[in-house]
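The exercises below are meant to be worked through with the sequence and the coordinates side by side. Each one sets a task and then gives a solution in steps.

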Amino acid sequence: MSRRFLELLAREASAVEFEGPIIQARAAGADPATIEELEQAKVEALRVRALLKRRARREAELSALYDTAGDLAALRDLDAVLEAIVHRARQLLATDVAYMTLHDPERGDTYMRVTDGSISAKFRALRLAMGAGLGGLVAQTATPYSTADYFADARFRHKDDIDEAVTEEGLVAILGVPLRLGQRVIGVLMAANRSARPFHQEEVSLLGSLAAHAAVAIDNARLLQETRNALEELSQAHRTAREHGEAVERAAMAHDRMTSLVLRGGGIEDVAAVVTDVLGGSLAVLDDLGRAISGDVGELDAGVFEAAQASRALGRTVRRGDLLIASVDVGGEPLCTLILRSDDADERILERAALVCALLLLFRRSVAEAEGRVRGELLDDLISRPGSPGLADRARRLGVDLGAPHVVVAVKHGGQRERAAFWASSQATVRHGLAAGRGDEVVLLLPGTDAGGLARRVAAELSASLHSPATAGASRAPDVAAAYLEARRCADALIALGRAGDGASAAELGFVGLLVGDGRDVGGFVDRVLGAVVDYDARRGTALTDTLATYFGTGGSPSRTAEAMHIHVNTVTQRLDRIGKLLGDGWLEPDRALELQLALRLHRLGHTTAPKTVGPDPI
């Protein structure tokens with residue numbers, strides 16, 4: 001009969017099947033002794049069955065722990081390892097749900113990290129304050145807790161949000177064990193059932209072992225991430241150091257090439273060629289006025305010049321879009337600006353190139369200033385001591401032929417004497433002329449014959465350079481001293497006429513240039529003599545001023561005035577009557593007529609914009 005029980009054990013039959021042999025024996029009429037023997041054999045068989053089940057379960061637990069240890073040894077993805085641990089806990093404890101919460105040091109609570117078997121979104125997003133709920137109690141006390149009926153257990157503090165999530169998940173029995181690293185609790189591993197059930201000590205121990213593996217996995221992942229971060233930082237530092245070394249070496253090489261060029265007498269164009277050879281792209285070098293000295297980067301907007309100003313303030317290269325901009329100033333005044341369009345962002349080379357270009361420009365400026373002093377002294381002597389011996393020889397050595405036609409230009413400006421003098425000296429050098437600074441004016445002796453055109457060009461360009469009006473008068477008188485006086489008087493006349501920033505020759509102003517100058521109130525004179533007529537025209541839109549000018553121009557003849565203006569003679573008479581009423585009696589008397597004619601001429605000159613055409617002798 002014991003063979004029957006062995007067969008049942010061999011095929012892992014259920015406990016109820018072990019009653020079969022006894023029932024069959026009773027049905028066959030076996031005696032009591034046989035029945036007793038069968039009962040004892042059944043008890044022994046059930047003991048063996050229970051032992052085999054415990055050993056099988058222990059084997060499964062050890063296998064799970066072994067697999068978990070293997071996962072840790074081959075740790076690649078922390079999430080995958082934690083999910084495997086939670087899944088094994090659910091399988092080995094035969095629970096409906098298993099989950100893990102981790103401590104959040106910033107918020108001081110625990111949050112759901114991994115779940116297996118959960119169906120409630122609210123439960124998966126649950127956070128447990130320390131001491132709240134079973135999980136919060138385990139995290140706070142670092143002690144395992146289990147409950148066969150969660151809602152009937154008063155050992156821990158119930159909270160509405162936790163109870164709602166547990167109810168939505170349908171959990172009843174819950175077991176939780178701490179995840180510990182040394183004395184520190186980093187989370188809780190829990191298994192739960194949707195029906196009431198007790199948790200045995202073996203199950204608590206098993207879940208604790210899995211929790212220990214999970215804690216090791218988390219700590220290993222942290223150490224591994226820290227190691228990876230350290231290696232990445234070390235690698236990045238190595239790359240940065242290597243790139244920095246390469247950049248320094250390349251900048252030093254470029255600097256050596258630029259220095260060698262300067263020592264061999266190279267110019268800004270040569271320096272720009274070195275920069276583009278090393279960095280690629282296109283480079284433009286601008287002077288203090290924003291004009292290109294070398295290269296061309298196309299149309300530049302106001303933002304580029306703002307970036308250049310920022311570069312001078314910072315002493316560093318500034319990026320704007322795809323442009324790198326390095327600008328250098330001297331004494332607060334811009335000297336040169338380099339604008340590079342390139343994919344290479346090595347700012348050191350561009351900054352060194354800007355300094356080299358600035359030194360070249362300063363050297364050129366020093367040479368120009370020295371030559372300008374010589375030219376200025378010669379021009380001063382031509383004006384102050386025109387008969388001094390050796391003037392022609394001195395001019396010849398400077399490349400100036402005093403026997404050729406020249407124009408003297410006197411320019412009045414409001415300040416920045418050094419800048420104005422440097423500009424004038426540069427123009428004189430380029431034009432093979434002479435220039436000198438004399439107080440708040442500069443004087444130029446330039447080859448050419450178009451005095452008016454030169455005056456207007458000089459006034460326009462110097463005004464742009466100074467960012468303030470510069471007024472130029474010009475004369476072609478054969479004697480330099482006399483021409484200077486006439487040109488200066490012409491500039492004074494333009495200022496008195498309210499045409500500051502303009503240019504004209506003495507011939508263009510005619511006799512007016514001999515009548516006005518510093519301190520003359522031209523506007524007040526015109527207003528006093530002719531103001532009533534001018535104001536009437538402005539209010540009514542009439543042409544009384546033109547009629548009066550034409551009347552005087554035709555010798556006081558109404559008929560010729562009508563013919564010149566293409567109107568009827570009666571219209572002329574009516575207009576003259578209106579003029580007489582505006583000016584008062586005696587306006588045709590000789591003295592009054594002279595004043596009126598002068599006022600008409602001054603009014604016309606003061607309200608006429610000088611032509612802006614470029615003469616045959618541009619500066």
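**Exercise 1. Establish the strand order of the sheet that contains E12 to E16, and find which strands stand at its edges.**

Solution. In this predicted model, the five strands form an open sheet in the order E13-E14-E12-E15-E16, and the pairing is mixed. Reading that order from its two ends, one meets strand E13 (434–438) and strand E16 (503–505), each of which has a single partner strand, so one side of each is left without a neighbour in the sheet. From one strand to the next, the twist averages 15°.

**Exercise 2. Determine in which sense the strands E13 and E14, E12 and E14, and E15 and E16 pair, and over how many bridges.**

Solution. Begin at the E13 edge, where E13 and E14 pair in the antiparallel sense over five bridges, with Leu445 in E14 as the bridge partner of Leu434. These two strands form a hairpin that leaves two residues between them, and in the turn Gly439 has a positive phi of about 65°.

Next, E12 and E14 are again joined in the antiparallel sense, over seven bridges, and here Ala410 stands opposite Val443 in E14. As for cover, E14 has six of its seven residues buried, and is thus described as mostly covered.

Finally, strand E15 (residues 470–475) pairs with E16 in the parallel sense over three bridges, and Ser505 in E16 is the bridge partner of Ala474.

**Exercise 3. Identify the strands touched by helix H14 and by helix H15, and give the direction of each helix relative to E15.**

Solution. Helix H14 (residues 451–466) packs on the sheet through contacts with strand E12 (406–413), strand E14 (441–447), E15 and E16, and its direction makes about 160° with that of E15. Helix H15 (residues 480–496) also packs on the sheet, where it touches E12, E13, E14, E15 and E16, while its direction makes about 140° with that of E15.

**Exercise 4. Describe the sheet that contains E7 to E11 by its strand order, its edges and its twist.**

Solution. The order in this open sheet of five strands is E8-E7-E11-E10-E9, and the pairing is antiparallel. Strand E8 (292–294) and strand E9 (318–320) are the edge strands, each pairing on one side only. With direction ignored, neighbouring strands of the sheet are turned against each other by 30° on average. Looking inside the sheet, one finds that strand E7 (residues 282–286) pairs with strand E11 (residues 333–341) in the antiparallel sense over five bridges, and that Ala284 stands opposite Ile339 in E11.

**Exercise 5. Count the aromatic pairs, and classify the pair of Tyr150 and Phe156 and the pair of Tyr551 and Trp587.**

Solution. A pair of aromatic rings is described by the distance of the centres and the angle of the planes. Two rings pair if their centres lie within 6.5 Å, and planes under 30 degrees apart count as stacked, over 60 as edge-to-face and the rest as tilted. By this rule the model has five aromatic pairs. For Tyr150 and Phe156 the ring centres are 5.2 Å apart and the planes stand at 25°, so this pair is stacked. Both Tyr150 and Phe156 are buried, and ring pairs link Tyr150, Phe151 and Phe156 into a cluster.

Turning to Tyr551 and Trp587, the values are 6.5 Å centre to centre and 45° between the planes, and the pair is tilted. Tyr551 belongs to helix H19 (residues 544–553), whereas Trp587 sits in the loop between helix H21 (569–583) and helix H22 (590–606), so the pair ties together parts that are 36 residues apart in sequence. Tyr551 and Trp587 are both buried.

**Exercise 6. Place Ser209 in the secondary structure and decide whether Ser209 is buried, partly exposed or exposed.**

Solution. Ser209 is found in helix H8 (residues 201–263). The cut-offs to apply are under 20% for buried and over 50% for exposed, with partly exposed in between. Ser209 has a relative accessibility of 28% and therefore counts as partly exposed. The C-alpha atom of Ser209 is separated by 9.7 Å from that of Leu179, which lies 30 residues apart along the chain.

Technical notes: Residues are numbered from 1 along each chain as its sequence is written. This is a predicted model: local features need pLDDT of at least 70, side-chain atom pairs count only at pLDDT 80 or more; totals for chains, interfaces and linings use all residues. Side-chain values use heavy atoms; hydrogens and water are left out. Rings of Phe, Tyr and Trp (its six-membered ring) pair if their centres lie within 6.5 Å; planes under 30 degrees apart count as stacked, over 60 as edge-to-face and the rest as tilted. Buried means under 20% relative accessible area, exposed over 50%, partly exposed in between (1.4 Å probe, protein chains only). Helices (H or I, at least four residues) and strands (E, at least two) are DSSP runs, numbered from the N terminus. Two strands pair if DSSP finds at least two bridges between them. Axes are lines fitted to C-alpha atoms, for helices over the stretch in contact, and angles run from 0 to 180 degrees between N-to-C directions. Contact means heavy atoms within 4.5 Å.
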